[in-house]
Amino acid sequence: MKQDICEKEIITPRDFPSAYPSLPSFIPSRSGSNFALFDFSNSPASDQGKEDRSITYQSLLRATLFGPDKPGTPASRVFSGYDESGPGISHSPVKAPRKVPTSPYKVLDAPGLEDDFYLNLVDWSPNNVLAVGLESCIYLWNACGNKVSKLCDFGISDGICSVGWAQCGTHLAVGTNNGQVQIWDASNCRRVRTMEGHRSRVGVLAWSSSLLSSGSHDNSILQIDIRARDDFASKLVGHKNEVCGLKWSYDDRELASGGNENRLLVWNQHSAQPVLKHCEHTAAVKAIAWSPHRHGLLASGGGATDRCIRFWDTTTNTHLSCLDTGSQISNLVWSKNINELVSTHGSSQDHIIVWRYPTMSKLATLTGHTTRVLCLAISPDGQKIVTGSGDETLCFWRLFPASKSQSTDSKIGSSSFGRTTIR
């Protein structure tokens, strides 16, 4: 028998118009089709059969891809690792939450670390040196060499209330109980300047690239230009009680201050009066942090009777959101490597929480201290923090991933877990 051999013709998309000139208008008609031959009836029983077969097929597909279902597990839970955004949207795996170590990798005993909510006695320099105020002394801990040295001792004449490193990393500002602000050259253990102007203790300090700001129990903020001969360039008066929170924005254009009268104020570089005033907190505002990821995004935390973290957009003067944490908030710091922040807490939880922003979901709760956590500083590589407590210990934690620009592991605090003293 002779067979006809048909050659296959390959048609490219550009041939469609000529190959099938009537293709757009072609609509198949099913009026003459005999569905009974294929058991495609439209009866309810047939519809039920199709549904049963579909369910069976889906069950087999799930078992093949993900293994057999656990007893009592709904089918929807099998696909819980996928983002079901809706029809027509491709499904991509949801990232598993990042695991954060919940134990400190290092602990330093810090005898004499005061249990005072309004003091700021710990800061970590860009050169990887930790400054700690213990009673009348300041100690420096070199994180690379794990060495401790004493910078100064004020004796019985004065006490340490705050410390803050300049952005250059070599000079340390010190606020004292008598109202002085001193500048120390840490490399040479030498005091280079003393500024007067406050009438009471200086509990908080904040550096910009050109100014040093100091907040005091006398309710005022002094703006100090250390290049000038005068003790201070200007005085900011807006708080009605002790200034206990102070932080410059990353672009040095705005200064946020918190007071014991529960107010959060925002000042610009040249203003003698606050440009923004917020009175929503119901306790002292010590915890303040600017976002390094979004211009004008500010976080503030309230004390024991407030317990809330609030977020603000200073570019639009908008209150964005509020979260009740359930305990006193003593400090906030934002990671520069990832959009997360850390809060430290006092009464009644005494713990540290890592949050993912903007969802404010908890990534980890750290419980290494036995009394309220009052001090917080972040390492220059942005991967670690140190916390200080009334239990007279400093705990070091690895919390954040390295930034994209960091190609190798940092040596900051790289020594194995151990407990030593900072004195």
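Here is a chat between a student and a tutor about this predicted model.

Student: Before we dig in, how many helices and strands are in the protein chain?
Tutor: This is a predicted model, so local features need pLDDT of at least 70, side-chain atom pairs count only at pLDDT 80 or more, and totals for chains, interfaces and linings use all residues. Residues are numbered from 1 along each chain as its sequence is written, and side-chain values use heavy atoms, with hydrogens and water left out. Helices (H or I, at least four residues) and strands (E, at least two) are DSSP runs, numbered from the N terminus. On that basis the protein chain has 3 helices and 29 strands.

Student: What percentage of the residues in the protein chain is buried?
Tutor: Buried means under 20% relative accessible area, exposed over 50%, and partly exposed in between (1.4 Å probe, protein chains only). The protein chain has 423 residues, and the buried share is 46%.

Student: Which residues touch the most other members of the largest nonpolar core?
Tutor: A nonpolar core here is a set of buried Ala, Val, Leu, Ile, Met, Phe, Trp, Tyr and Cys residues joined through side-chain atoms within 4.5 Å. The largest one has 40 residues, and the elements giving two or more residues to this core include strand E3 (129-134), strand E4 (137-142) and strand E28 (393-398). A second, separate core of 16 residues includes Val107, Val333, Ala364 and Phe400. Back in the largest core, the residues that touch the most other members are Leu130, Ile138, Leu394, Phe396 and Ile422.

Student: Is strand E24 largely enclosed or open, and why?
Tutor: Look at residues 352-356, the run that makes up E24. Of these 5 residues, 4 are buried, so the rest of the structure leaves E24 largely enclosed.

Student: Which residue in E24 stands opposite leucine 341?
Tutor: Two strands pair if DSSP finds at least two bridges between them. Strand E23 (residues 340-345) runs antiparallel to E24, with 5 bridges joining them. Their hairpin has 6 residues between the strands, and aspartate 350 there takes a positive phi near 55°. Opposite leucine 341 in E24 you'll find tryptophan 355.

Student: And on the E25 side, which residue stands opposite isoleucine 353?
Tutor: E24 also pairs with strand E25 (residues 361-366), in the antiparallel sense and over 5 bridges. That hairpin has 4 residues between the strands, and methionine 360 takes a positive phi near 55°. Opposite isoleucine 353 sits threonine 365.

Student: Which strands stand at the edges of the open sheet of 4 strands?
Tutor: The order is E10-E11-E12-E13, with antiparallel pairing. Each edge strand has a single partner strand, so one side of each is left without a neighbour in the sheet; these are strand E10 (202-207) and strand E13 (234-237).

Student: What is the bridge partner of serine 220 in E13?
Tutor: Strand E12 (residues 220-224) runs antiparallel to E13, and 4 bridges join the two. Arginine 229 sits in the loop between them and is exposed, with a relative accessible area of 81%. As for serine 220, its bridge partner is valine 237.

Student: Which residue in E15 stands opposite tryptophan 248?
Tutor: Strand E14 (residues 243-248) has 5 of its 6 residues buried, so it is largely enclosed by the rest of the structure. The strand pairs antiparallel with strand E15 (residues 254-259) through 5 bridges. Their hairpin has 5 residues between the strands, and aspartate 252 in the turn has a positive phi of about 65°. The residue opposite tryptophan 248 is leucine 255.

Student: Which residues do shared salt bridges join into one network?
Tutor: A salt bridge is a side-chain nitrogen of Lys or Arg within 4 Å of a carboxyl oxygen of Asp or Glu, and the whole structure has 9 of them. Arginine 201 meets aspartate 116 at 3.2 Å, N to O, and also forms a salt bridge with glutamate 242, where the closest N and O atoms are 3.0 Å apart. Arginine 201 is buried at 16% relative accessible area, and glutamate 242 is buried at 2%. Through shared partners, the network joins Asp116, Arg201 and Glu242.

Student: How far apart are the closest N and O atoms of aspartate 324 and arginine 307?
Tutor: Aspartate 324 is partly exposed, with a relative accessible area of 46%, and arginine 307 is partly exposed at 31%. The two form a salt bridge, and their closest N and O atoms are apart by 3.6 Å.
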